[in-house]
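Please look over the following sequence and structure. The paragraphs after it go through some helix contacts, the nonpolar cores and an aromatic pair.

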Amino acid sequence: MYEFDKTDIKIVNLLLEDGRMSASEISRRMTDISERAVRYRIDRMIDEGVIQISAVVNPESLGFNIKADVWLEVESDLILDVAKKLASFENVTYVACGIGQNDISIQLVAKDTAEIYYFVTEVIRKVTGVRKTTTSIVPIIIKDVYQWRVPERIAKEITEGKAAVQSKIS
């Protein structure tokens, strides 16, 4: 497991603010780390699979103004097969398997509600193994996964944990 420290968390949160931010700008904002060290840390986090830097397309800019969450109840032996099948559709932006009342949750984008209705009734419900769907139109998203920041308390816990280990060694 990758060992984050307070500096890594600051770098990640600055990149979340602007994924194109240069190492020199990050270094300038942080004041206590060189551009070269920032670049090294970013490369290491990318290589370790801790972060990825990519473009995020806004579906609305392409006319996909309607979003819907769909929860599926699926035959237990087919959950992964159904999830993989749903992930292959272009208008499906999110697929996750869960434990509980619903086996799979997905998010769709579409140009209108008729498109959502058609996809749920004529595509999803006809996938082998799907028993039941529940659909909810999503008019507003306040926070999305790519906007998640590493909580400050995590940085504090990491710093305090390392300090405790150092004091035991000394």
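Which residues in α1 meet which residues in α3? In this predicted model, the α1 side of the contact consists of T7, D8, I11, V12 and L15. From α3, they meet V38, R41, I42, R44 and M45. Sorted by class, the contact has six nonpolar residues, one polar residue and three charged residues. Helix α1 covers residues 6-17 and helix α3 covers residues 35-47. Their axes come within 11 Å and cross at roughly 80 degrees. An angle of 65 to 115 degrees counts as roughly perpendicular, so α1 is roughly perpendicular to α3.

Next come the nonpolar cores. In soluble globular proteins, nonpolar side chains tend to be buried together. The largest nonpolar core here has 20 residues. Those that touch the most other members are L72, V82, L86, I104, I106, L108 and I124. At least two residues of this core come from each of β1 (66-74), α4 (79-87), β3 (104-110) and α5 (113-123).

What is I124 in contact with, leaving aside its neighbours within four places in sequence? The residues are V70, L72, L86, I106, F119, V130 and T133. Of these contacts, L72, L86 and I106 are also among the core residues that touch the most other members. Another core, of 17 residues, lies apart from this one. Its members include I11 and M45, which also take part in the contact of α1 with α3. M21 and I51 are among its residues too.

F119, one of the contacts of I124, leads to the aromatic rings. The structure holds one aromatic pair, formed by F89 and F119. The ring centres are 5.2 Å apart, with 85 degrees between the planes. Planes over 60 degrees apart count as edge-to-face, so this pair is edge-to-face. The pair links distant parts of the chain, with the two positions 30 residues apart. F89 sits in the loop between α4 and β2 (92-97), and F119 sits in helix α5.

Are the two residues of the pair buried, or partly exposed? F89 has a relative accessibility of 22% and therefore counts as partly exposed. F119 is buried, because its relative accessible area is 7%, and buried means under 20%.

Helix α5 also contains T121. This residue has a relative accessible area of 15%, so T121 is buried. T121 and A23 are 98 residues apart along the chain, and their C-alpha atoms are separated by 49 Å.

Notes
Residues are numbered from 1 along each chain as its sequence is written. This is a predicted model: local features need pLDDT of at least 70, side-chain atom pairs count only at pLDDT 80 or more; totals for chains, interfaces and linings use all residues. Side-chain values use heavy atoms; hydrogens and water are left out. Axes are lines fitted to C-alpha atoms, for helices over the stretch in contact, and angles run from 0 to 180 degrees between N-to-C directions. Helices (H or I, at least four residues) and strands (E, at least two) are DSSP runs, numbered from the N terminus. Angles under 35 degrees count as roughly parallel, over 145 as roughly antiparallel, 65 to 115 as roughly perpendicular and the rest as oblique. Contact means heavy atoms within 4.5 Å. Ala, Val, Leu, Ile, Met, Phe, Trp, Tyr, Cys and Pro count as nonpolar, Asp, Glu, Lys and Arg as charged, and the others, Gly among them, as polar. A nonpolar core is a set of buried Ala, Val, Leu, Ile, Met, Phe, Trp, Tyr and Cys residues joined through side-chain atoms within 4.5 Å. Buried means under 20% relative accessible area, exposed over 50%, partly exposed in between (1.4 Å probe, protein chains only). Rings of Phe, Tyr and Trp (its six-membered ring) pair if their centres lie within 6.5 Å; planes under 30 degrees apart count as stacked, over 60 as edge-to-face and the rest as tilted.
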